[in-house]
Amino acid sequence: QVQLVESGGGVVQPGGSLRLSCVAPENIFSTYIMAWFRQAPGKQREFVAAITSSWTNTLDSVKGRFTISRDNTRNTVSLQMSSLKPEDTAVYYCNAKRTIGNIVQSYWGQGTQVTVSS
């Protein structure tokens, strides 16, 4: 019933830019931590960036290049990616998560492919 709709993936040359977007239901967007993860072939899924109404956090390796933001009027979280490198190539996933006591509620988007290649 909870659907995270992702868009924006594609193929870009090194040094290029892409903007990923994730639209969430309002009740999810307003109360959950929204985040981006990525998974490269043969590697574990890793955290990239997260955002709430009051804070943001980003992976050290992408700081200064990636910016996470949210548009509260559209229930959309975005990941602006600049100065892309081949090692950024991965499937990028949108995630919404909250923890109430010992109950964790987490939802994932379908993933969008980002390929950085010349």
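This short talk covers the salt bridges in the structure above.

A word on the source: this is a predicted model. Let's get going.

How many salt bridges does the structure hold? It holds 5. I'll walk through some of them.

Start with E46 and R38. Their side chains meet in a salt bridge, at 2.7 Å from N to O. Now, are these residues buried or exposed? R38 counts as buried, because its relative accessibility is 6%, and buried means under 20%. E46 sits at 31%, so E46 counts as partly exposed. So this bridge pairs a buried arginine with a partly exposed glutamate.

Next, K63 and D60. Here the side chains form a salt bridge at 3.0 Å, N to O. D60 is exposed, with a relative accessible area of 61%. The cut-off for exposed is over 50%. K63 has 46% relative accessibility, so K63 is partly exposed.

Third on my list: R74 and D71. Their side chains meet too, in a salt bridge of 2.8 Å, N to O. Which partner is exposed? That is R74, at 56% relative accessible area. D71 comes in at 26%, and therefore counts as partly exposed.

One more point, on how bridges link up. Salt bridges that share partners join R38, E46, R65 and D88 into one network. You have met two of those names already: R38 and E46, the pair at 2.7 Å.

To recap, look for R38 with E46, K63 with D60, and R74 with D71. Then trace the network through R38, E46, R65 and D88. Thanks, everyone.

Conventions. Residues numbered from 1 in each chain as written. Predicted model: local features only at pLDDT ≥ 70, side-chain atom pairs only at ≥ 80, totals over all residues. Heavy atoms only, no water. Salt bridge = Lys/Arg side-chain N within 4 Å of Asp/Glu carboxyl O. Buried < 20%, exposed > 50% of the residue type's maximum accessible area, 1.4 Å probe, protein only.
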